[in-house]
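Let's take a walk through a protein with a ligand in it. Have the model open and rotate it as you read.

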Amino acid sequence: MAYLLENVVPWGRNFNEYKKMFQLTDEDLLNKIIGFGDGPASFNCEASKLGYKVTSLDPIYQFSGENIGKRIIEIKDIVIEQTKNNANNYVWTELKNLDELERVRMSAMKTFLDDYEKGKSENRYIYHELPQKTPFDDQTFDLGLSSHFLLMYTSLGYDFHIKSINEMLRLCKEIRIFPIVDLDAKESKITNKVIEYFKNNYIVNIISTSYEFQKGGNLMLSIKNMP
Ligand SMILES: C[S@@+](CC[C@H](N)C(=O)[O-])C[C@H]1O[C@@H](n2cnc3c(N)ncnc32)[C@H](O)[C@@H]1O
């Protein structure tokens, strides 16, 4: 099925949020990192400015910055309204209210858009759609990240998740997925099945993090290749 921009809800988080979601230590950040479904997050831009090596993959990178920017403006009020209608599902400590949520998200996405053309020319933003094979050799990266994509969109199904995670583990020594709840902040129907599938041949851990915006969504799944 064609991946159309009018069906996409681009919404991006920043470097500090990624650091907390994935419990990224100074040592982790010195590794070669790849983000799957990074979309309009500013993690790549901010990390690159600090000298770290981050590659981001996402289907939206097939579109121009201008069109991604237009789509962000189209969906912003809808996303804020939906969050307002479900405000009880969120923890309002780091982000104090809807205004702050909008300000922080829009600032992250502006940072991304300002960096987009430069990042593309440096191969930091690469068009790719999971679960397809990526154009990289086995174990090219130390750490692979998926923020607010895998495990969350349960409707993509079990096979999609297993194929996607297998491809991530082909490329990366370790992968981390945050959160492990679904879009309604309920236990993801896929998480336990994924753990069952990988636990015998990989090192699998659920790790508590210092980031919680969706209530109960403060856990990350780490899957490591055996040494
Ligand atoms: C909710 S956004 C999260 C963006 C970013 N990771 C963050 O947390 O700020 C989900 C992202 O998944 C991307 N996505 C959708 N389908 C995908 C696929 N098949 N493979 C990889 N990414 C996909 C979307 O384009 C979007 O950018």
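We'll start with the strands, move on to the ligand, and finish with some backbone details. One thing to keep in mind throughout is that this is a predicted model.

A good place to begin is strand E4, residues 141–147. Is it buried or exposed? Seven of the seven residues of E4 are buried, so the rest of the structure largely encloses this strand. On one hand E4 pairs with strand E1, residues 33–36, in the parallel sense, and three bridges link them. If you want a spot to click on, take Ile33, whose bridge partner in E4 is Leu143.

E4 also pairs with strand E5, again in the parallel sense, this time over six bridges. Leu143 turns up here too, since its bridge partner in E5 is Glu174. So Leu143 has a partner in E5, Glu174, as well as one in E1, Ile33. Further along, Ser147 of E4 has Phe178 as its bridge partner in E5. Now trace the chain from E4 to E5. On the way you pass through helix H6, residues 158–171, and the three elements make a right-handed β-α-β unit.

E5 itself covers residues 172–178, and six of its seven residues are buried, which leaves the strand mostly covered. Its other listed neighbour is strand E7, residues 219–225, and here the direction changes: E5 and E7 run antiparallel, joined by four bridges. Look for Arg176, which stands opposite Ser222 in E7. From E7 you can step across to strand E6, residues 202–208, another antiparallel pairing, with seven bridges between the two. One pair to look for there is Tyr202 and its bridge partner in E7, Asn225. While you're looking at these strands, here's a handy rule of thumb: in a regular strand, side chains alternate between the two faces of the sheet.

Now for the ligand. Which residues come nearest to it? There are 19 residues around the ligand, and the nearest are Tyr3, Arg13, Gly37, Asp58 and Ser147. By type, that shell splits into 10 nonpolar residues, five polar ones and four charged ones.

Some of the contacts are worth zooming in on. Tyr18 places a polar side-chain atom 3.0 Å from a nitrogen atom of the ligand. Leu130 uses its backbone instead: a polar backbone atom of Leu130 is 2.9 Å from a ligand nitrogen. Then there is Ser147, with a polar side-chain atom 2.4 Å from an oxygen atom of the ligand. How much of the ligand does the protein bury? Taken alone, the ligand exposes 600 Å², and the protein buries 91% of that.

Ser147 deserves another look, as it links the ligand story to the strands. It is found in strand E4, and its relative accessibility is 5%, so it counts as buried. Besides its ligand contact, the side chain of Ser147 makes a polar contact with the side chain of His148, at 3.0 Å.

Finally, some backbone details. Leu130, which you met at the ligand, is followed by a cis peptide bond to Pro131, with omega near 5°. Pro131 lies in the loop between E3 and E4. A cis peptide bond also joins Phe178 and Pro179, with omega about -10°. Phe178 is the bridge partner of Ser147, while Pro179 sits in the loop between E5 and helix H7, residues 191–198.

Two residues other than glycine have a positive phi to check. One is Gln139, with phi near 55°, in the loop between E3 and E4. At 34% relative accessibility, Gln139 counts as partly exposed. The other is Asn123, with phi near 60°. You'll find Asn123 in the loop between helix H5, residues 98–121, and strand E3, residues 125–127. Its relative accessibility is 52%, which is why Asn123 counts as exposed. Asn123 and Ser56 are 67 residues apart in sequence, yet their C-alpha atoms are 8.6 Å apart in space.

Notes:
Residues numbered from 1 in each chain as written. Predicted model: local features only at pLDDT ≥ 70, side-chain atom pairs only at ≥ 80, totals over all residues. Heavy atoms only, no water. Near = heavy atom within 4 Å. Polar contact = N/O pair within 3.5 Å; in protein donor to acceptor, adjacent residues only side chain to side chain. Areas by Shrake-Rupley, 256 points an atom, 1.4 Å probe, with all protein chains shown as cover. Nonpolar A, V, L, I, M, F, W, Y, C, P; charged D, E, K, R; others polar. Buried < 20%, exposed > 50% of the residue type's maximum accessible area, 1.4 Å probe, protein only. Pairing = 2+ DSSP bridges. Right-handed = clockwise from strand over helix to strand, strands pointing away.
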